[in-house]
Amino acid sequence: MAKNANLGAAKNAKNDEFYTQYADIQKEVNAYIEYNPDVFRGKTILLPCDDPEWSNFTKFFAQNFEFFGLKKLISTSYAIESKKYKTDWQPTLFETENPMYNVEKSRIKGKIFTLTHDTNANGRIDIDDLQWSYLEGDGDFRSAEVTALRDEADIIITNPPFSLFREFLAWIMEGGKQCLVIGNMNAITYKEVFPLIKDNKLWLGTTDVRWFYQESTNSPLYEAAHSRWFTNIDHGMRHKPLQLMSMADNIRFSRHKEVKGINYSKYDNYDALEIPFTDAIPSDYNGEMGVPISFLDKYCPEQFEIIGMSLFLATQKPKDLPKSLQGGPAFYLKNENGYKRQYPRIVIRKKQ
Ligand SMILES: C[S@@+](CC[C@H](N)C(=O)[O-])C[C@H]1O[C@@H](n2cnc3c(N)ncnc32)[C@H](O)[C@@H]1O
């Protein structure tokens, strides 16, 4: 393998081990509770790709088990031997002090943790009532036993391994489940993901997630820019229409120098109007418009419909396009110097 490929593989393996901060989970989940206080009531939640000894997902949902009115919480972890990123791993006291501890299984088996009732009879259901055992296999989400847990659950919540995001999402969709999962914002450009967003079967959550830790809550924080929550659980932000100005007012008053005093233009190779900023979408334009990908953070399906994305719509290039501007599918604007290749655009249209 070339040196760069090695480095890339090591980086991907490391990124697969980024753990989520408690406050990030809390902030996001609160948005769904605010919108619908019963969103989790009577539901079974599965947290795959987790590990309650290291991860906050199980802690957070176990702590809120009664408040959310959960029926059952299940979390599964992935065997240390199967992880691509190797660390000086030691089983925790939680595991070694338990009569079920098995030195052999500890390294090669996944674990399952379940919470349904007050096992220690202290009058409340919380993390101390979690019961655990080793799985038959290593806890791979694609295994038959974890897939059976998916089928039992109503909602799948986790930060899955970054390198398996497409597969993970497909696994959720195949099970027809509700989900709340973390992924890189770039995932919206994947051919497996974008159609779900276009058809309102998946959307962005309400907050972004930037800082993660590794293995132990004492580890330094690592920055993974552009991470977002992806979900098909409803929240209030997606029903707030954008407040927009007319085209004439944008040209007169826009705070962007690229808009103020300048006419909007259409792409050369696709029949849509280029909109360089989400807040510059003209309220009175009824045709197709190309907007930056960040529009999805503000997307209200009652206000706009999504037609597609430049990556999939720009099937033709301008005929006289210089070699220097060639590349993958993109929209082009014609200007006095020739052409300008645009960043990826989402094409939308105002709902009538
Ligand atoms: C990005 S980390 C997130 C951990 C935890 N959910 C959190 O957010 O704090 C993803 C976890 O999935 C595990 N993993 C990797 N491949 C897996 C697979 N095929 N099946 C299940 N888990 C996997 C990794 O070892 C890692 O522990």
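**Exercise 1.** In this predicted model, find where Cys49 is located, and decide whether Cys49 is buried or exposed.

*Solution.* Cys49 lies in the loop that runs between strand E2 (44-47) and helix H3 (56-63). The next step is to look at the surroundings, where 24 other C-beta atoms are found within 10 Å of Cys49. The cut-off for a buried residue is 20 or more such atoms, so Cys49 counts as buried. As for the backbone, the phi of Cys49 is near 55 degrees, which is a positive value in a residue other than glycine. Most residues other than glycine have a negative phi.

**Exercise 2.** Carry out the corresponding steps for Ala121: in which loop is Ala121 found, and is Ala121 buried or exposed?

*Solution.* The loop that holds Ala121 connects strand E4 (111-115) with strand E5 (131-134). Around Ala121, 8 other C-beta atoms lie within 10 Å; because a residue with 12 or fewer is exposed, Ala121 is classed as exposed. Ala121, which is not glycine, also has a positive phi, with a value near 50 degrees.

**Exercise 3.** Work out which strands stand at the edges of the open sheet of 4 strands, and then describe how E12 and strand E15 pair.

*Solution.* Begin with the order of the strands, which is E10-E11-E15-E12, with mixed pairing. Strand E10 (273-274) and strand E12 (304-309) each have a single partner strand, so they stand at the edges, and one side of each is left without a neighbour in the sheet. Turning to the pairing, E12 and strand E15 (residues 345-350) run in the antiparallel sense and are joined over 5 bridges. In E15, Ile346 is the bridge partner of Met309.

Technical notes
Residues numbered from 1 in each chain as written. Predicted model: local features only at pLDDT ≥ 70, side-chain atom pairs only at ≥ 80, totals over all residues. Pairing = 2+ DSSP bridges. Helix = DSSP H or I, 4+ residues; strand = E, 2+ residues; numbered from the N terminus.
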